[in-house]
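Subject: The structure for you to look through

Hi,

Here is the structure I promised to pass on. Open it up beside this email and follow along as you read.

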Amino acid sequence: MTLNDCKLIELPKISDPRGNLSFIESGQHIPFDIKRVYYLYDVPGGSDRGSHAHKNLHQFIVAMSGSFDVVLDDGKDKKRYHLNRSYQGLYVCPMMWRYLDHFSSGAVCMVLASSHYDAADYIRDYSEFLALTNRKA
Ligand code: TYD
């Protein structure tokens, strides 16, 4: 899969003077079934997260509060996304190296995932990632 398979997805937004509402349904707004939800919060200024790829996992990343950047790398091209809207998210397909940085104070990063946690699904070595994508440095 390549960077073109990853994209920003606009979510439904029910605007209301009492507060806005957005929602995400498996298979409707994102192209996988949700098996797990996790979130990053209390991220100290200057911290980076991620720096790995997943062999099979599909993910959808939403800035529920504040903002941060997600950099995607398919072994050939890289793209930086700035996430700062709770009605928008980034779909990340399998075999995509990613890191997250530039977290604002109070940022909350919610990740919807297609599988339960599995340490064996991670590729944490960038050279191994390039080898697996046949894009050796
Ligand atoms: P990791 O995925 O490396 O964090 P990030 O990509 O956000 O920097 O996970 C950090 C630690 O948390 C690691 O020890 C595995 C553990 N973890 C779980 O136990 N369950 C989970 O669902 C996730 C995402 C991580």
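Before the first finding you need one term: a nonpolar core is a set of buried Ala, Val, Leu, Ile, Met, Phe, Trp, Tyr and Cys residues joined through side-chain atoms within 4.5 Å. "Buried" here means under 20% relative accessible area. Also keep in mind that this is a predicted model.

**The cores**

With that in hand, look at the largest nonpolar core, which has 29 residues. Phe-60, Ile-61, Phe-68, Val-70, Leu-72, Phe-103 and Cys-109 are the ones with the most contacts inside it. Several strands feed this core: β6 (59-65), β7 (68-73), β8 (78-83), β9 (88-92) and β11 (108-113) each give at least two residues. Apart from this core there's another one, made of six residues, including Ala-53, Trp-97, Ile-123 and Phe-129.

Try clicking on Leu-72. If you skip its neighbours within four places in sequence, Leu-72 is in contact with a long list of residues, among them Leu-3, Cys-6, Tyr-81, Leu-90, Val-92 and Met-96. Trp-97 from that other core is one of its contacts too.

**Strand β11**

Now, how many of the six residues of β11 are buried? Five are, so the strand is largely enclosed by the rest of the structure. You can see its partners if you colour by strand. β4 (residues 36-40) runs antiparallel to β11, and five bridges join the two. In that pairing, Leu-40 has Cys-109 as its bridge partner. β6 is also antiparallel to β11, this time with six bridges, and Ser-65 sits opposite Val-108.

**The five-stranded sheet**

There's an open sheet of five strands too, in the order β8-β7-β10-β5-β12, with antiparallel pairing. What do β8 and β12 (122-123) have in common? Both stand at the edges with a single partner strand, so one side of each has no neighbour in the sheet.

Here is how some of the pairs go as you step across:

- β7 and β10 pair over five bridges, and Leu-72, the core residue from before, has Arg-98 as its bridge partner in β10.
- β5 and β10 pair over three bridges, with Arg-49 opposite Leu-100.
- β5 and β12 are joined by two bridges, and His-54 is matched with Tyr-122.

**Two residues to click on**

His-54 lies in β5. Is His-54 buried or exposed? Its relative accessible area is 2%, which is under the 20% cut-off, so His-54 counts as buried. Leaving out residues within four places in sequence, it touches Gln-59, Pro-94, Met-95, Met-96, Arg-98, Asp-121 and Tyr-122. His-54 and Phe-129 are 75 residues apart along the chain, with their C-alpha atoms separated by 9.4 Å.

Tyr-91 is in β9 and counts as buried as well, at 6% relative accessibility. Not counting residues up to four places away in sequence, Tyr-91 touches several others, including Asp-5, Cys-6, Ile-9, Phe-32, His-58 and Phe-60. Tyr-91 and Asp-16 are 75 residues apart along the chain, and there the C-alpha atoms are separated by 26 Å. Put the two pairs side by side on screen: 75 residues along the chain goes with 9.4 Å for one and with 26 Å for the other.

**The spaces**

Last, the empty bits. The largest pocket holds about 210 Å³ of space. It's lined by 15 residues, and Tyr-38, Leu-40, Gly-50, His-52 and Leu-100 lie nearest its centre. β4, β5 (49-54), β6 and β10 (97-101) each supply at least two lining residues, and the largest share, four residues, comes from β5. By class, the lining divides into seven nonpolar, four polar and four charged residues.

How many cavities of 30 Å³ or more does the structure hold? It holds one, and the volume of the largest cavity is about 30 Å³. Its lining is made up of Arg-36, His-54, Leu-57, His-116, Tyr-117, Asp-118, Asp-121 and Tyr-122. Three of those are nonpolar, two polar and three charged. You'll recognise His-54 and Tyr-122 in that lining, since they are the bridge partners joining β5 and β12.

Have fun turning it around!

Definitions and conventions
Residues are numbered from 1 along each chain as its sequence is written. This is a predicted model: local features need pLDDT of at least 70, side-chain atom pairs count only at pLDDT 80 or more; totals for chains, interfaces and linings use all residues. Side-chain values use heavy atoms; hydrogens and water are left out. Buried means under 20% relative accessible area, exposed over 50%, partly exposed in between (1.4 Å probe, protein chains only). Contact means heavy atoms within 4.5 Å. On a 1 Å grid over the protein atoms alone, a cavity is a set of points where a 1.4 Å probe fits but cannot get out, and a pocket is an open set with protein on both sides within 12 Å along at least five of seven lines; lining residues have an atom within 4 Å of a point. Grid points are joined across faces, edges and corners, and a volume is the space filled by probe spheres set on the points. Ala, Val, Leu, Ile, Met, Phe, Trp, Tyr, Cys and Pro count as nonpolar, Asp, Glu, Lys and Arg as charged, and the others, Gly among them, as polar. Two strands pair if DSSP finds at least two bridges between them.
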